[in-house]
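Got the model open in your viewer? Keep the selection box handy, and we'll walk through it stop by stop.

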Amino acid sequence: MSTAVGEMTNHDHHHHAPSGFTRWLFTTNHKEIGSLYLWFSFIMFLVGGSMAMVIRAELFEPGLQLVDPHFFNQMTTVHGLVMVFGAVMPAFVGLANWMIPLMIGAPDMALPRMNNWSFWILPFAFMILLGSLFMDGGGPAFGWTFYAPLSTTYSTDSTALFVFSVHIMGISSIMGAINVIVTVMNMRAPGMTYMKMPMFVWTWFVTAFLLIAVMPVLACAATMVLTDKYFGTSFFDAAGGGDPVLFQHIFWFFGHPEVYIMILPSFGIVSAIIPAFSRKKLFGYSSMVYATGAIAGLSFLVWAHHMFTTGMPVGAEIFFMYATMLISVPTGVKVFNWVATMWRGSISFETPMLFAMAFVVLFTIGGFSGLMLAITPADFQYHDSYFVVAHFHYVLVSGAVFSIMAAAYYWLPKWTGHMYDEKLGRLHFWCSLISVNVLFFPMHFVGLAGMPRRIPDYALQFADINQIVSYGAFAFGLSQLIFLWVLIKCVRGGEKAPDKPWEGAEGLEWTVPSPAPLHTFETPPEVK
């Protein structure tokens, strides 16, 4: 018996401590999987960013310079897909993997083997997508929204690879979401009630339900595109009794909740960082929770605001206009609460707080331009112009991406045991902040002046502003190399992180909704 036990433990030890690459290939540890997701998303961020550089280089001056129009369309398409499904979403899943078990007192994620699988299918999905660019006739060139008939009748055979890769990404997302839900519902420590969970856990919990609801819809749209192209169906072909506008309805019924999937975890991150650096409890915790739920619910009622120009009945246009405006209310509640949290706080401006505060301001700009787009008759003018590009990049770059960077700086001491280089971190912040506004703010102006999006050439009057935009783009791209440098430096060593890396945050920021309040709304004693 004892020999059997001895053999078993030896075998177990061998089984649980693989080294090198196999350790990462077979890992079921939530922290290691979180790190894999985060590094993968950063690599994809640089890949998608390099495609944006191609786009901005072509648009640096009018005329056709560097790439042929078909390749330009491939760049806009794959840039969007890589950034949405390869950079932003996996980064959030990585943060969820790392932090949710720590925040709710769980030993790991609930389904560790599925966790491993949901990560490792992603590199293959993107190898398939990026590989399609090298096919005869090129890769997908129909925009990341792959509208029919561009994606059905007028596309190359890379469409099949595109659809396959999208299915794999969707499977990964659904598995990640199931894992979050099961972990949060079943593995909270005793006493960790729902209304005591940190906001980051709440926002991800809600996001996971959104993912499970909408990813199958994307899978349906992609499958119908596939059968229309290769199997003689005509879901989106009017000649066969189908309707190309049906594609838009199916796609945006997925697509609009998707954009909230890409911002809700940001809200959770910012709701962790702002209280920590304001040395105050998060203002209005329960209203934050309810606002998160309200945003998620309303996100299913607004999809056709992407389709105001498709000729829907006026009644429908009015409904979608008001529903879209309504969704700005719970979002406004959140912005109010963040500002109220900082109000009379004892704020310090370390890099995570700088990114979080920039997030609040710039995300709000994106929210206001979204309100403009919600006004149906105005949207007839804005639709498919650079104004739309400016709007969603304010939400997704200075919104989602900035919050991911804030989270990285905030939790790096926790993850690595080392403090990052604060001077370099601030340099990265200021370079990013200035360049991101030089890059996206002028797009509002060319958009309002009528410059269409996704076109490789433009009228002469847009030349000056496009040059400024391209300068901003290259500056923003180069700024991210500072971030890479900070990350490598921090992972390799550096000043040892103290037990409470953020002084005054009571060392509790990993486990409770927010730190103990040092300041309240009452008059401080020394003033009385």
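What follows is a tour of helix pairs, empty spaces and a couple of backbone oddities.

**Before you start**

This is a predicted model, with residues numbered from 1 along each chain as its sequence is written. Local features need pLDDT of at least 70 and side-chain atom pairs count only at pLDDT 80 or more, while totals for chains, interfaces and linings use all residues, and side-chain values use heavy atoms, with hydrogens and water left out. Helix names come from DSSP runs (H or I, at least four residues), numbered from the N terminus.

**Stop 1: H4 and H6**

Select 69-104 for helix H4, then add 158-186 for helix H6. Two packed helices are described by the angle between their axes and the distance between the axes. Here the axes come within 11 Å and cross at roughly 15°, which makes H4 roughly parallel to H6. The axes are lines fitted to C-alpha atoms over the stretch in contact, with angles from 0 to 180 degrees between N-to-C directions; under 35 degrees counts as roughly parallel, over 145 as roughly antiparallel, 65 to 115 as roughly perpendicular and the rest as oblique. The crossing of H4 and H6 is left-handed, meaning that the near helix is turned anticlockwise from the far one by less than a right angle.

Now show side chains. From H4, Leu-81, Phe-85, Met-89, Ala-96, Ile-100 and Ile-104 meet Phe-162, Met-169, Ser-173, Val-180, Thr-183 and Val-184 of H6 (contact is heavy atoms within 4.5 Å). By class, that contact has ten nonpolar, two polar and no charged residues. Ala, Val, Leu, Ile, Met, Phe, Trp, Tyr, Cys and Pro count as nonpolar, Asp, Glu, Lys and Arg as charged, and the others, Gly among them, as polar.

**Stop 2: the largest cavity**

Stay with H4 and H6, since each supplies at least two residues of the lining of the largest cavity. Select Tyr-37, Phe-85, Met-89, Pro-90, Val-93, Leu-122, Met-169, Ser-172, Ser-173 and Gly-176 to see that lining. On a 1 Å grid over the protein atoms alone, a cavity is a set of points where a 1.4 Å probe fits but cannot get out, a pocket is an open set with protein on both sides within 12 Å along at least five of seven lines, and lining residues have an atom within 4 Å of a point. How big is the volume of the largest cavity? About 80 Å³, where a volume is the space filled by probe spheres set on the grid points, joined across faces, edges and corners. Its lining has seven nonpolar, three polar and no charged residues.

**Stop 3: the second largest pocket**

Next, pick Ser-35, Leu-38, Trp-39, Trp-415 and Leu-487, which are the closest to the centre of the second largest pocket among its 22 lining residues. The volume of this pocket is about 510 Å³. Helices H3 (30-58), H4, H14 (386-416) and H16 (463-492) each give at least two residues to the lining. The class tally is 19 nonpolar, three polar and no charged.

**Stop 4: H14 and H15**

Keep H14 and add H15, residues 422-448. Their axes come within 7 Å and cross at roughly 165°, so H14 and H15 are roughly antiparallel to each other. This crossing is left-handed.

**Stop 5: H9 and H12**

Select 264-278 (H9) and 351-374 (H12), whose axes come within 9 Å and cross at roughly 125°. The pair is therefore oblique.

**Stop 6: backbone oddities**

Most residues other than glycine have a negative phi, and most peptide bonds are trans. Go to Ala-148 and Pro-149, joined by a cis peptide bond with omega of about 5°. Pro-149 sits in the loop between H5 (112-131) and H6. Last, select Asp-384, a non-glycine with a positive phi of about 60°, in the loop between H13 (376-382) and H14.
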